[in-house]
Amino acid sequence: WEVTYENGTKYKGTIELEQSSKNYEQPIYSGHFQFPNGDVYEGSVGVRAAGTYTHSNGVKYKGQFYRLMKSGTGVQSFPSGDTYTGMFKNNLYHGKGKDEYVTGDDYQGTFAHGKREHIGTYIYPSGEKVVGDWENDQLHGTGQYEFTNGIKIKNAFVGSRIKL
């Protein structure tokens with residue numbers, strides 16, 4: 001099939017007419033969408049789907065979708081080279097995940113509504129790391145800084161700064 005919608009979106013692919021697709025929980029077709037803003041989606045379409053969505057700004061997501069939103073597991077990469085691998089909900093990082101930055105830093109832990117929340121570990125390129133509680137994308141509460149020489153310092157953090 002090749003279809004151009006009224007809003008300018010173009011679709012090229014298949015449409016399944018099988019009985020099993022009528023419950024709409026399973027993908028009902030798969031193909032390639034070209035959106036007027038330059039975004040591209042390739043994959044299956046349905047309430048639950050999997051595919052690759054490439055934004056016109058170069059951000060690329062490959063993973064699961066639920067009701068046309070990034071939900072489930074996936075990998076999102078950015079033009080800078082940074083990547084996020086983990087859980088999504090309603091297009092945001094949500095659940096266990098890992099941010100990897102081109103600087104060599106990375107964060108492994110829990111996200112909620114697109115921000116670092118709860119327990120997580122931030123690792124610097126030197127190998128030093130901070131393990132602690134996160135709130136609203138910042139260290140907040142109890143944490144521990146671990147140096148590469150084995151020394152560990154426990155401290156309290158507020159807004160990613162050591163509480164004095």
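## The first hairpin

In this predicted model, the hairpin formed by strands β1 and β2 has five residues between its strands, and Gly-8 takes a positive phi near 100 degrees there. Strand β1 covers residues 2–4 and strand β2 covers residues 10–15; the two run antiparallel and are joined by three bridges. One of the paired positions involves Thr-4, whose bridge partner in β2 is Lys-10.

On its way through the sheet, Lys-10 also has a bridge partner in β3, namely Gln-34. Strand β3 spans residues 29–34, and β2 pairs with this strand in the antiparallel sense over six bridges.

## The chain as a whole

The protein chain contains 15 strands and zero helices. Of its 164 residues, 34% count as buried, and the chain exposes about 10100 Å², of which carbon and sulfur atoms supply 53%. When contacts between residues at least 6 apart in sequence are considered, 4% of them join residues at least 24 apart.

## Salt bridges

The structure holds four salt bridges, and among them is one between Lys-12 and Glu-2, whose closest N and O atoms are 3.9 Å apart. Lys-12 belongs to strand β2 and Glu-2 to strand β1, so this pair ties together parts that are ten residues apart in sequence. Both Lys-12 and Glu-2 are exposed.

Another of the salt bridges brings together the side chains of Lys-98 and Glu-100, with an N to O distance of 3.9 Å. Lys-98 is partly exposed, with a relative accessible area of 28%, and Glu-100 likewise counts as partly exposed, at 33% relative accessibility.

A further salt bridge links Lys-129 with Glu-146, the closest N and O atoms being 3.8 Å apart. Because Lys-129 lies in strand β12 (residues 129–135) and Glu-146 in strand β13, the pair ties together parts that are 17 residues apart in sequence. The surroundings of the two partners can be described in terms of accessibility: Lys-129 counts as partly exposed at 29%, whereas Glu-146 counts as buried at 15%.

## Strand β10: Tyr-107 and Gln-108

Strand β10 runs over residues 106–112 and includes Gln-108, and Tyr-107 is found in this strand as well. Tyr-107 counts as buried, at 0% relative accessibility, while Gln-108 counts as partly exposed, at 34%.

Not counting residues up to four places away in sequence, Tyr-107 touches Gly-97, Lys-98, Asp-99, Arg-116, Glu-117, Ile-119, Gly-120, Thr-121, Tyr-122 and Trp-134. The side chain of Tyr-107 also reaches the backbone oxygen of Thr-110 at 3.3 Å. Computed along the chain in residue numbers, Tyr-107 and Lys-129 are 22 residues apart, and their C-alpha atoms lie 9.4 Å apart in space.

For Gln-108, the contacts beyond four places in sequence are with Gly-97, Lys-98, Gly-120, Thr-121 and Ile-123. Lys-98, which takes part in the salt bridge with Glu-100, is ten residues from Gln-108 in sequence and 4.4 Å from this residue in space, C-alpha to C-alpha. Within strand β10, the side chain of Gln-108 makes a polar contact with the side chain of Asp-106, at 3.4 Å.

## Strand β13: Gln-144

Gln-144 has its place in strand β13, which comprises residues 138–146, and is buried, with a relative accessible area of 15%. The side chain of Gln-144 makes a polar contact of 2.9 Å with the side chain of Glu-146, the residue that also forms a salt bridge with Lys-129.

Leaving aside neighbours within four places in sequence, Gln-144 is in contact with Lys-129, Val-130, Val-131, Lys-152, Ile-153, Lys-154 and Phe-157. Lys-129 is thus a contact of Gln-144 and a salt-bridge partner of Glu-146.

## A nonpolar patch at the surface

Ile-153, one of the contacts of Gln-144, lies in strand β14, which covers residues 152–158. With 38% relative accessibility, Ile-153 counts as partly exposed. Together with Phe-147 and Ile-151, Ile-153 makes a nonpolar surface patch of about 240 Å².

Key: Residues are numbered from 1 along each chain as its sequence is written. This is a predicted model: local features need pLDDT of at least 70, side-chain atom pairs count only at pLDDT 80 or more; totals for chains, interfaces and linings use all residues. Side-chain values use heavy atoms; hydrogens and water are left out. Helices (H or I, at least four residues) and strands (E, at least two) are DSSP runs, numbered from the N terminus. Buried means under 20% relative accessible area, exposed over 50%, partly exposed in between (1.4 Å probe, protein chains only). A polar contact is a pair of N or O atoms within 3.5 Å; within protein, one must be able to donate a hydrogen and the other to accept it, and residues adjacent in sequence count only if both atoms are side-chain atoms. Contact means heavy atoms within 4.5 Å. Two strands pair if DSSP finds at least two bridges between them. Patches are made of residues with over 30% relative accessible area and no salt bridge: like charges are joined within 9 Å, nonpolar side chains (Val, Leu, Ile, Met, Phe, Trp, Tyr) within 5 Å. Accessible areas come from the Shrake-Rupley method with a 1.4 Å probe; for residues, only the protein chains shown count as cover.
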